[in-house]
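Grab a pencil and open the viewer. Here are a few exercises to work through, each with a solution underneath.

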Amino acid sequence: MFTLPLGDRAQLRTLEPWQAPEFLAHIDRARPTVDPWIPWASLSTDLASATATLQGYADRWAADGGRIYGIWLEGTLVGGVMFSRFDAAAGVCEVGCWLEPAGEGQGLVTRACRALIDWAFAERGMSRVEWRASSGNARSIAVARRLGMSRDGVLRRHAVHRGRRCDIEVWSVLAEEWPTAGDGSEAAARAELDRLMGVFVGAFTNTGGRRPDLDAIRDVFVPEGRIIANVGDEPVIYDLDGFIAPRRKMLTDGTLTEFSEWEVAERTEVFGSVAHRFSEYRKSGYHRGEWFEGGGHKTTQFLRTPAGWRMSSLAWDDTP
């Protein structure tokens, strides 16, 4: 059976019809968070329909038209990813995902999707990988951003779900835009480091009603990563949980609104499996209703891990 590690505690495996009882139990747990956005859960309401769902993907797999994989966390099925459409002749496929609450906030879906996209480009020579999501499905759209996809546009009132017509956003990434895992060139490394920094900086954005995506920080850092604020007389050193929690609160409780941060300059050096980036950034937003603008500098260290490049530490110093 195909098995791919997704960190120390999770695995990506093929999901087959004989696993229908386990799949149904998982879907029952996932139903409250999945069903509002996609008809995925409504296709599997009892053992017969769950078996039929998996058998349908097995048939599509045999015809090279689709594939489905499960994500197991500490031995429990918590979600999955799939090629919902796979057209080898046209060189275009579509990736999708779902997840129950027990698997959220750990970067599992992003890592699993990256594995599928790597395979589609490197092994099957696909030209384009698509991602489609309801315009209101902020979590799904956040995954597309983390994967470095571009938003192609919106199919207005394209789909019907629970009797209501929905706008569908179309995102995509092209083969030439995707950093190839096997490409050890410095150019490929720099492209991936650019992507990681873009995901990190973009995680805080809450402009125009956009929901900040602080969980993306766990995707770009090693689990033991450290983030350091050089404020006052003593630097403040955070682990990932300690850094994320207070910022999630500020960005969602009205303290910090219309906030965004962006790089304006950077210098990146790559040395084999380690790298360093020195950045200048700007930021703006409303703090407790008052507009502010500012900036500063960041120094970031990166490591090349078996799962690809990851941040290991980041320190920043705001400009007075």
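The exercises below go from a helix pair to a sheet and then to single residues.

A quick note before starting: this is a predicted model, where local features need pLDDT of at least 70, side-chain atom pairs count only at pLDDT 80 or more, and totals for chains, interfaces and linings use all residues. Residues are numbered from 1 along each chain as its sequence is written, and side-chain values use heavy atoms, with hydrogens and water left out.

**Exercise 1.** Work out how helix 1 and helix 2 cross, and which residues meet.

*Solution.*
- Start with the axes: those of helix 1 (residues 20-34) and helix 2 (residues 47-62) come within 9 Å and cross at roughly 105°. Axes here are lines fitted to C-alpha atoms, for helices over the stretch in contact, with angles from 0 to 180 degrees between N-to-C directions.
- So helix 1 is roughly perpendicular to helix 2 (65 to 115 degrees counts as that).
- Next, look for contacts (heavy atoms within 4.5 Å): Ala 20, Pro 21, Phe 23 and Leu 24 of helix 1 meet Leu 47, Ala 50, Thr 51, Thr 53 and Leu 54 of helix 2.
- Sort these residues and you get seven nonpolar, two polar and no charged.

**Exercise 2.** Trace the open sheet of six strands and find what packs on it.

*Solution.*
- The strand order is 10-9-14-13-12-11, with mixed pairing (strands pair if DSSP finds at least two bridges between them).
- At the edges sit strand 10 (236-238) and strand 11 (256-271), each pairing on one side only.
- From one strand to the next, the twist averages 20°.
- Inside the sheet order, strand 13 (residues 290-305) pairs with strand 14 (residues 308-318) in the antiparallel sense over 10 bridges. Pick Gln 301, and its bridge partner in strand 14 is Ser 313.
- Helix 7 (residues 240-252) packs on the sheet, touching strand 9 (221-229), strand 10, strand 11 and strand 14, and its direction makes about 65° with that of strand 9.

**Exercise 3.** Is Glu 261 buried or exposed, and what does its side chain make a polar contact with?

*Solution.*
- Glu 261 is found in strand 11.
- Its relative accessible area is 13%, so Glu 261 is buried (buried is under 20%, exposed over 50%, partly exposed in between, with a 1.4 Å probe and protein chains only).
- The Glu 261 side chain makes a polar contact with the side chain of Lys 298 at 2.3 Å (a pair of N or O atoms within 3.5 Å, one able to donate a hydrogen and the other to accept it; residues adjacent in sequence count only if both atoms are side-chain atoms).

Conventions:
Helices (H or I, at least four residues) and strands (E, at least two) are DSSP runs, numbered from the N terminus. Angles under 35 degrees count as roughly parallel, over 145 as roughly antiparallel, 65 to 115 as roughly perpendicular and the rest as oblique. Ala, Val, Leu, Ile, Met, Phe, Trp, Tyr, Cys and Pro count as nonpolar, Asp, Glu, Lys and Arg as charged, and the others, Gly among them, as polar.
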